[in-house]
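Hi everyone, thanks for making the time. I'd like to walk you through one model today, piece by piece, and you can follow along on the screen.

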Amino acid sequence: MLKYYIKTFGCQMNESDSERIASFLESQKIKPAKDINKADIVIFNTCGIRQMAEDRAYGQIHNIHVTRNMKPAYRTGRHETKKPIIILTGCLANRKDVQRKLKDKVDLFCEIKDFQEKMGEFINCHPELVSGSTKTEMPKQVRHDNYLCTTPRYTNPHTAYVPIMTGCNNFCSYCVVPYARGREVSRPIEEIILEIKNLLKNGCKEIVLLGQNVNSYHGACNMKHETKKINFAELLQLIEKIPGHFWISFMSSHPKDFSGELIETITKSKKICEHIHLPLQAGDDKILLAMNRKYTAEKYFKLIKKIKSAFAKNKPNEIYSITTDIIVGFPGETKKQFLESARVMKKVDYDLVYFGQFSPRPGTVAFKMKDNVSKDEKKKREFFLNEILKKTAFKNNQKHIGKILEVLIDKKDGPNYFGRTHSLKNVKIHLTPTLSLSRRGSLVGKFVKVKIIKSNIWNLEAQIIK
Ligand code: SF4
């Protein structure tokens with residue numbers, strides 16, 4: 001029996017894609033291997049956002065290639081093969097320089113949207129792979145224009161990633177996504193709602209809607225013999241109406257598409273998490289222009305003010321969180337321009353920031369710009385901003401002390417449970433002696449009520465009260 005192993009790099013979208021790859025392979029009677037060294041097929045689902053992620057993939061592909069070269073080749077008919085077969089998909093699959101570099105190590109390069117078709121063709125062209133078992137046929141229901149309609153093999157039963165769109169039309173100058181994934185494609189509304197209903201039926205508690213730019217979602221909806229386009233706020237409203245107690249969260253958003261209707265929908269909802277991730281990327285207008293972000297720092301800050309006022313008006317008793325992405329050391333970023341990012345950070349009071357040190361990505365516009373901020377300076381700038389973040393994150397966390405909050409439990413580690421609040425704050429939960437005896441091992445994937453007893457910079461600590 002053939003076995004596969006998937007190594008996933010990068011973001012939640014890649015993790016979600018890997019769940020669809022797994023489901024397709026299993027539909028072809030190919031089983032998962034627990035250990036990469038026991039697999040007949042190894043799939044690298046790659047990320048090209050930063051050089052570091054790319055280098056990690058090269059390193060692991062090299063290791064597998066070396067190991068398989070030490071194994072004897074086997075022969076079926078005229079074919080001679082060494083296993084495992086190495087397949088590369090994800091962000092790097094389409095890059096000509098990557099294909100050249102890895103041509104002797106990788107057997108198949110394929111974009112994620114073509115995975116099922118290319119994989120089916122590959123196996124059918126290599127009968128020695130399946131050694132006597134049935135040929136792999138393309139399943140009839142597969143739509144090649146939208147691989148997202150495949151039902152995934154979910155890895156987490158209580159928190160599920162549901163992609164609502166893929167690709168991007170924005171072409172930020174530093175980003176590979178529009179080249180790696182192509183233009184935006186939104187999933188039809190019925191398909192998304194059906195997937196969510198099935199997940200909830202199976203006990204899922206949190207639906208994480210994914211897309212490179214979820215708030216430009218425009219999915220088709222069939223209503224009374226006509227097809228209408230639905231925007232992201234309307235999609236959220238429809239999901240909110242599905243009966244049951246569950247949370248809705250989403251990522252990632254572009255500030256230029258964050259509409260007033262969306263802010264009202266989020267801040268009036270009972271199910272949508274009180275958490276907004278709004279990538280800033282830079283606080284200086286000239287750098288934002290060079291990044292092709294299509295907003296100014298002032299416009300971004302006005303949007304944040306609007307979001308905060310809407311929470312204050314619609315959910316005055318709820319604590320919300322705001323997080324962002326910031327790139328340090330974009331080509332030409334002077335110290336003065338960098339300090340504008342620090343200024344916005346101090347004004348917004350972020351709960352969390354995902355920092356990225358600029359890394360030139362082949363094929364992007366910024367790749368041709370002079371990467372003139374040194375590695376050391378990028379590190380220093382990140383450290384400087386992180387010190388600001390530590391203060392604002394801690395200040396925001398302190399607001400939670402003494403509050404009774406609902407937490408979704410993600411895991412148990414040693415004597416503690418770990419989960420998240422509805423504003424997606426991480427919580428470490430201490431068990432009281434009575435609870436530890438009566439409920440040990442039974443809370444993962446459940447909602448519990450906790451009292452927050454301590455706040456740290458990066459998390460909260462709590463005791464279960466119910
Ligand atoms: S919005 Fe910009 S950063 Fe985000 S995926 Fe699209 S091009 Fe990349």
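I'll go through the sheet at the start of the chain, the ligand shell, a set of packed helices, a barrel, and finally two backbone details.

One thing before we go in: what you see is a predicted model.

Let's begin with the open sheet. Which order do its five strands take? Reading across, the order is β2-β1-β3-β6-β7, and the pairing is parallel. At the edges sit β2, residues 31–32, and β7, residues 108–109, and each of these pairs on one side only. If you zoom in on β1, residues 3–8, you'll find two bridges connecting β1 with β2, and the two strands run parallel. One residue pair to click on there is Lys 3, whose bridge partner in β2 is Lys 31.

Now bring helix α2 into view. Residues 51–69 form α2, and this helix lies across three strands: β1, β3 (41–46) and β6 (85–90). Relative to β3, α2 runs at about 170°.

Next, the ligand. Which residues are around the ligand? Four of them are cysteines or asparagines you can select right away: Cys 168, Asn 170, Cys 172 and Asn 213 are among the residues there. The shell also includes Phe 171, Cys 175, Val 177, Pro 178, Gln 212 and His 254. By class, we have six nonpolar residues, four polar ones and no charged ones. If you're setting up charges, that is the composition of the shell around the ligand: no charged residues in it.

Let's move on to the helices. Take α11, residues 297–314, and α12, residues 335–348: their axes are 11 Å apart and they pack at an angle of about 15°. Anything under 35 degrees counts as roughly parallel, so α11 and α12 are roughly parallel to each other. The contact between them involves Ala 297, Phe 301 and Ile 304 from α11, meeting Glu 340, Val 344, Lys 347 and Val 348 from α12. In terms of class, this contact has five nonpolar residues, two charged ones and no polar ones. As for handedness, α11 passes α12 in a right-handed crossing.

α12 has another packing partner to show you, which is α13, residues 375–398. Here the angle is again about 15°, and the axes are 10 Å apart. That angle makes α12 roughly parallel to α13. On the α12 side, the contact is made by Phe 338, Ser 341, Ala 342, Met 345 and Lys 346. Facing them from α13 are Arg 381, Phe 384, Leu 385, Ile 388 and Leu 389. The class count for this contact is seven nonpolar, one polar and two charged. And α12 passes α13 in a right-handed crossing.

Now for the barrel. How many strands close into it, and in which order? There are five, in the order β18-β19-β20-β22-β21, with mixed pairing. From one strand to the next, the twist averages 50°.

Let's go around it. β18, residues 404–413, is joined to β19, residues 416–421, by six bridges, and the two run antiparallel. Lys 411 has Phe 418 as its bridge partner in β19. These two strands form a hairpin with two residues between them, and in that turn Gly 414 has a positive phi of about 60°. From β19 we step to β20 over five bridges, antiparallel again, and here Gly 419 is partnered with Val 427.

Then comes the parallel step: β20 (426–430) and β22 (460–464) are joined by four bridges. Val 427 turns up on this side too, with Leu 460 as its bridge partner in β22. β22 pairs with β21, residues 447–455, in the antiparallel sense over five bridges, with Ile 452 opposite Ala 462. A hairpin of four residues links β21 to β22. To close the circle, β18 and β21 pair antiparallel over five bridges, and Leu 408 has Phe 447 as its partner.

Finally, two spots for anyone checking torsions. Met 251 and Ser 252 are joined by a cis peptide bond, with omega at about 0°. Ser 252 sits in the loop between β14 (247–251) and α9 (260–268). The other spot is Asn 292, which is not a glycine and yet has a positive phi of about 60°. You'll find Asn 292 in the loop between α10 (285–290) and α11.

That's the tour, and I'm happy to take questions.

Methods:
Residues numbered from 1 in each chain as written. Predicted model: local features only at pLDDT ≥ 70, side-chain atom pairs only at ≥ 80, totals over all residues. Pairing = 2+ DSSP bridges. Contact = placed C-beta atoms within 7 Å. Axes fitted to C-alpha atoms, helices over the stretch in contact; angles between N-to-C directions. Near = placed C-beta within 6 Å. Nonpolar A, V, L, I, M, F, W, Y, C, P; charged D, E, K, R; others polar. Parallel < 35°, antiparallel > 145°, perpendicular 65-115°, else oblique. Left-handed = near helix turned anticlockwise from the far one by under 90°.
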